[in-house]
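Trainee: Before I accept the descriptive words that get attached to a model, I would like to see each one tested against its criterion. Could we go through this example together, term by term?

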Amino acid sequence: MENERLEGIIESILFTMGDSVEVSKIAKAIEQDEETTKSLIYHMMEKYTAQDRGIRILELEDSFQMCTKSEMYEYLIRVAKQPKKYVLTDVQLETLSIVAYKQPVTKLEVEKIRGVKSDHAINKLVEYNLICELGRLDAPGRPHLFGTTEEFLRRFGVQSVEELPSLNEELIEDMKSEAEDEIQLRLNL
């Protein structure tokens, strides 16, 4: 039973570390000598082979590394090739709308319009390839300028940003009025 527990610890170490781990470090972690540690790892290697598992342990000089069996690569590629699906949060949609209508725009301008920090939303939109850095503003600090990408146009089914629905002027005036009232209310407090 003790060996199974130690093998479980070794397995978690190798899985979590990703890269090769020296036998001496594993031995120290499980409080065993290096020969006992190697013996446990060799036993694990045999079990993985006998059970036809999708993983294996490689021995690299005086280190060990957990990896996927090469016979499994085909299946990994199938998963990796599947398109990633993501759902935009309200915050991300709001940020994307500001960038789309105001581009090129700095993060500070987006935050000024939203009234809150927008680092995470902008980073996610860049990660999703919906916005990108267009350059830098010629101003102190040289902030990044952001704009939409071709992927944005594809996802939203428009050929250019000029095709985006125009903003209702009456609605804009109402929003401005509400914002001014809110600012005045805060000033009065």
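Mentor: Let us begin with contact, which means heavy atoms within 4.5 Å. Among contacts in the protein chain between residues at least 6 apart in sequence, 44% join residues that are at least 24 apart. Please keep in mind throughout that this is a predicted model.

Trainee: What makes the protein chain more spread out than a compact globule?

Mentor: The globule rule gives 16 Å for 189 residues, whereas the radius of gyration of the protein chain is 27 Å, which is well over that value, and therefore the chain is described as more spread out than a compact globule. Along its principal axes the C-alpha trace spans about 75 × 45 × 35 Å, and the chain contains nine helices and six strands.

Trainee: How much of the protein chain counts as buried, and how much area does the chain expose?

Mentor: Of the 189 residues, 27% count as buried, the criterion being a relative accessible area under 20%. The protein chain exposes about 13,800 Å², and carbon and sulfur atoms supply 53% of that area.

Trainee: Turning to helix packing, why is H5 called roughly perpendicular to H7?

Mentor: Two packed helices are described by the angle between their axes and the distance between the axes. Helix H5, residues 90–102, and helix H7, residues 119–127, pack at an angle of about 80 degrees, with their axes 9 Å apart. Angles from 65 to 115 degrees count as roughly perpendicular, and so H5 is placed in that class relative to H7. On the H5 side the contact is made by Val-91, Gln-92, Thr-95 and Leu-96, and on the H7 side by Ala-121, Ile-122, Lys-124 and Leu-125; by class, these are five nonpolar, two polar and one charged residues.

Trainee: How do you know that Gln-92 is buried?

Mentor: The relative accessible area of Gln-92 is 5%, and buried means under 20%, so Gln-92 falls in the buried class. This residue lies in helix H5 and, leaving aside residues up to four places away in sequence, touches Val-87, Ala-121, Lys-124, Leu-125 and Tyr-128.

Trainee: Why are H2 and H3 also described as roughly perpendicular to each other?

Mentor: The axes of helix H2, residues 23–30, and H3 come within 9 Å and cross at roughly 100 degrees. Since the roughly perpendicular class runs from 65 to 115 degrees, H2 and H3 are therefore assigned to it. Here Val-23, Ser-24, Ile-26, Ala-27 and Ile-30 in H2 meet Glu-34, Thr-37, Lys-38, Leu-40 and Ile-41 in H3, a contact with six nonpolar, two polar and two charged residues.

Trainee: Why is Asp-52 called exposed, while Asn-129 is called partly exposed?

Mentor: Exposed means over 50% relative accessible area, and partly exposed lies between that and the 20% limit for buried. Asp-52, at 57%, is therefore exposed, and Asn-129, at 39%, is partly exposed. Each has a positive phi without being a glycine, about 55 degrees for Asp-52 and near 60 degrees for Asn-129. Asp-52 sits in the loop between helix H3 and strand E2, and Asn-129 in the loop between H7 and strand E5.

Trainee: What is the exposure class of Asp-119, and which residues does Asp-119 touch?

Mentor: With 34% relative accessibility, Asp-119 counts as partly exposed. Asp-119 is found in helix H7 and touches Lys-107 and Glu-111, again not counting residues up to four places away in sequence. From Leu-60, Asp-119 is 59 residues away in sequence and 42 Å away in space, C-alpha to C-alpha.

Trainee: Finally, what makes Thr-148 a buried residue?

Mentor: Its relative accessible area is 13%, and the limit for buried is under 20%, so Thr-148 belongs to the buried class. Thr-148 lies in strand E6 and, beyond four places in sequence, its contacts include Leu-96, Val-99, Ala-100 and Gln-103, as well as Leu-130, Ile-131, Cys-132 and Val-161. Gln-103 appears once more in the backbone, where the peptide bond from Gln-103 to Pro-104 is cis, with omega near -10 degrees, and Pro-104 lies in the loop between H5 and strand E4.

Definitions and conventions: Residues are numbered from 1 along each chain as its sequence is written. This is a predicted model: local features need pLDDT of at least 70, side-chain atom pairs count only at pLDDT 80 or more; totals for chains, interfaces and linings use all residues. Side-chain values use heavy atoms; hydrogens and water are left out. Axes are lines fitted to C-alpha atoms, for helices over the stretch in contact, and angles run from 0 to 180 degrees between N-to-C directions. Helices (H or I, at least four residues) and strands (E, at least two) are DSSP runs, numbered from the N terminus. Angles under 35 degrees count as roughly parallel, over 145 as roughly antiparallel, 65 to 115 as roughly perpendicular and the rest as oblique. Ala, Val, Leu, Ile, Met, Phe, Trp, Tyr, Cys and Pro count as nonpolar, Asp, Glu, Lys and Arg as charged, and the others, Gly among them, as polar. The radius of gyration is taken over C-alpha atoms; the globule rule is 2.2 Å times the number of residues to the power 0.38. Buried means under 20% relative accessible area, exposed over 50%, partly exposed in between (1.4 Å probe, protein chains only). Accessible areas come from the Shrake-Rupley method with a 1.4 Å probe; for residues, only the protein chains shown count as cover.
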